[in-house]
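Subject: Structure for you to look at

Hello,

Here is the structure I said I would pass on. My notes on some of the strands follow below it.

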Amino acid sequence: MSFQSATVIPVNGEGTEDVLVDKQGRIYTGLTDGRVLRVDNDGSTIETIATCPGRPLGLEFYGDDDLVVCASDAGLLAVSLSSGAVRVLADTVFDAPILACNNAAVASDGTIYFSDSSRRYPIPEWRTDLIEQTRTGRLLRRNPDGTVDELLTGLHFANGVALAADESFVTVAESGACQVRRFWLTGQRAGTADLFVGDLSGYPDNSSTGSDGLIWIAIPAPRNPALGVVQKLPGLVRSAVTKLPESLQPAPSKTMRVIGVDDRGDIVHSYEGEIDGFHMLTGVRERDAQLYFGSLLENAVVTMAR
């Protein structure tokens, strides 16, 4: 299916990388300048909830008054919806900084599962990490007592994180590998990992669990043949490519995709195409049969009937 019924809602800032929706249908998003916004679903009112250190990316509700904010360069943060106060939940693991905190999912007991995309490059240098294939991404878990565990390491640019509706497993996107991994939390397979969705048509980004029980995954762009060629070059040549001007590096197209996936890893909904005035769709949220999109680069969010 296409994005024909999509409505673009402008906001007063750049880079609505992720989106979150409350019971009133209001949309929350973070911007490149550190602001976290709350936007009415018709765009009539835009409020600044807080200003964060770093670059706010993934957002999740955390209790009655807080948001979890994944902030590249600043770590895992909590933001008060009522006061705008910001506090750090985790900015180091094993005494080393969390360099590229990207996306998160919050369990019913307050446990936070989140991704650290790269141990070498912050999020603004995502192209470099994909070209060099550092495979230093991680899936992390912040426990209610504040301790942090590594669940998966060696991921090819760890990205979107989502929990199964029954919290039996957590998924993490590997953007550079065009696949989504699953880490089992309960049952006989607890503590093991397997492939959830493989051989995707593009590079999976943020993900979230919808009110429909599906895991929704944003795919900002289809696979880029030029990137595939560059990734096969010797390491020194790949490093040289990363030093070229951005306009000469492999770039994503304007074609985007969003998929809804069931607990078996089967794709049951798929939307693909272009949206006028909106590209690089990196965030997706489903609530009450409505879809909401964010973008790493755009000054807008998007709503669309599922």
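Strand S18, residues 179-184, is mostly covered in this predicted model. Of its six residues, five are buried, a word that here stands for under 20% relative accessible area.

S18 has pairing partners in S17 and S19, taken in turn below.

With strand S17 (residues 169-174), S18 pairs in the antiparallel sense, and the pairing runs over six bridges. If you want a place to check this on screen, go to Phe 169, which stands opposite Trp 184 in S18. The two strands, S17 and S18, make a hairpin, and four residues lie between them. In that turn, Cys 178 has a positive phi of about 55 degrees.

With strand S19 (residues 193-197), S18 also pairs in the antiparallel sense, here over four bridges. Arg 181 is the residue to look for in this case: it stands opposite Leu 195 in S19.

Elsewhere in the chain numbering there is an open sheet of four strands, in the order S2-S3-S4-S5, with antiparallel pairing. Its edge strands are S2 (20-21) and S5 (46-51), each of which pairs on one side only.

Within that sheet, strand S3 (residues 27-30) and strand S4 (residues 35-39) are joined by four bridges, again in the antiparallel sense. Thr 29 has Leu 37, in S4, as its bridge partner.

When you go through these strands, keep in mind that in a regular strand the side chains alternate between the two faces of the sheet.

Regards

Key:
Residues numbered from 1 in each chain as written. Predicted model: local features only at pLDDT ≥ 70, side-chain atom pairs only at ≥ 80, totals over all residues. Heavy atoms only, no water. Buried < 20%, exposed > 50% of the residue type's maximum accessible area, 1.4 Å probe, protein only. Pairing = 2+ DSSP bridges.
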